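Please open the structure in your viewer and set it to a cartoon view, with side chains ready to be switched on as the tour moves along.

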Amino acid sequence: MNKGLLIVLSGPSGVGKGTVCSMLRHKMPELVYSVSATTRLPRQGETDGINYFFKSREQFQDMIARGAMLEHAEYVGNYYGTPRDFVEQTINSGKDIILEIEVQGALKVKETFPQGVFIFLMPPSLDVLKQRITGRGTESQDIIDSRMTVAAEEINLIRYYDYAVVNDEIDAACHRIQSIVTAEHCRKERYLASLAESMQTASEKA
Ligand code: 5GP
């Protein structure tokens, strides 16, 4: 059986990764979503185990020490990380999984899973990004400033990604991502691997 795809959707905070992912959940119900762990406090309306696994710093550090994180990053004063087991079990069962994570973490995943599909979600412009971060109304000015500084640095790292998707309009961005996933499933390497496996099985039976 072919393994599932590990899809990493990354890009600066405020670019709309969360919104795009929520819409993808409706459009691509077959796609599995990785729930991250974080030490940041829940925002209003967020639920433990659904939006994030909310952890203390001690709990998070313990997960890192046990090797339970596929990647983790410290971002604007808090830890964020992807629990490893769930991701590995999902792709080994042949299902596709999507990780919605920031850029440092995405680059770490690339070291472990270079065969992953790395998609960078771009804001139409830095001005639009600032409006989106400010408009959310949940962050202090200091946090907005540090998120903008980090965002400018992150956009420079786009060269390490396979695809760039501009989030000018959510429907259009989701459509582009769906097309990427379809194309990745048609890669010849996936067919060659399963062809080699079935030829091997056939020759063992003969
Ligand atoms: P927020 O606090 O707005 O929910 O997330 C802040 C940033 O952390 C976002 O860019 C989000 O994509 C990223 N993030 C969420 N989960 C993870 C994770 O598991 N690993 C990493 N490296 N970043 C994450």
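The tour below goes from the domains to their interface, and then to selected strands and side chains.

**The two domains**

Keep in mind throughout that this is a predicted model. Begin by colouring residues 1–31 and 96–206 as domain 1, and residues 35–95 as domain 2, following the domain assignment of the protein chain. The centres of the two domains, taken over C-alpha atoms, are separated by 17 Å.

**The interface**

Now select the residues that touch across the boundary: 25 residues of domain 1 are in contact with 20 residues of domain 2. Between them the domains bury about 1,800 Å², and 63% of that area lies on carbon and sulfur atoms. On the side of domain 1, show Ile97, Phe113 and Arg147, which lose the most area to domain 2 and together account for 23% of what that side buries. What polar links cross the boundary between domain 1 and domain 2? The count is 4 residue pairs in polar contact, with both residues at pLDDT 80 or more, while the count of salt bridges between the domains is 0. To see which elements of domain 1 face domain 2, select β7 (97–100), α4 (103–112) and α6 (141–155), each of which supplies at least two residues to the touching side. Of the elements on that side, α6 gives the most, with 5 residues.

**Strand β8 in domain 1**

Next, select strand β8, residues 117–122, and show its side chains. Because 6 of its 6 residues are buried, β8 is largely enclosed by the rest of the structure. Looking along the strand, you will find Val117, Ile119 and Leu121 pointing one way, and Phe118, Phe120 and Met122 pointing the other way, all of them buried. Add strand β1, residues 6–10, which runs parallel to β8 and is joined to it by 4 bridges; here Leu9 stands opposite Ile119. Then add strand β9, residues 163–166, which is likewise parallel to β8 and joined to it by 4 bridges, with Met122 standing opposite Val166.

**The open sheet**

Move on to the open sheet of 4 strands, whose order is β4-β3-β6-β5 and whose pairing is mixed. Its edge strands are β4 and β5 (69–75), each of which pairs on one side only. Strands β3 and β4 pair in the parallel sense over 2 bridges, and the bridge partner of Thr38 in β4 is Phe54.

**Arg40**

Select Arg40, which lies in the loop between β3 (37–38) and β4 (53–54). Is Arg40 buried or exposed? Its relative accessibility is 9%, and since the cut-off for buried is under 20%, Arg40 counts as buried. The side chain of Arg40 makes a polar contact of 3.5 Å with the side chain of Tyr80. Leaving aside neighbours within four places in sequence, Arg40 is in contact with Glu46, Tyr52, Phe54, Asn78 and Tyr80.

**Thr82**

Finish at Thr82, found in strand β6, residues 78–83. This threonine is buried, with a relative accessible area of 0%, and the side chain of Thr82 makes a polar contact of 2.5 Å with the side chain of Glu71. Not counting residues up to four places away in sequence, Thr82 touches several others, among them Ser34, Ala68, Val87, Leu99 and Ile101.

Technical notes: Residues numbered from 1 in each chain as written. Predicted model: local features only at pLDDT ≥ 70, side-chain atom pairs only at ≥ 80, totals over all residues. Heavy atoms only, no water. Buried < 20%, exposed > 50% of the residue type's maximum accessible area, 1.4 Å probe, protein only. Pairing = 2+ DSSP bridges. Domains from an automatic or database assignment. Contact = heavy atoms within 4.5 Å. Buried area = accessible area lost by both parts, 1.4 Å probe. Salt bridge = Lys/Arg side-chain N within 4 Å of Asp/Glu carboxyl O. Polar contact = N/O pair within 3.5 Å; in protein donor to acceptor, adjacent residues only side chain to side chain.
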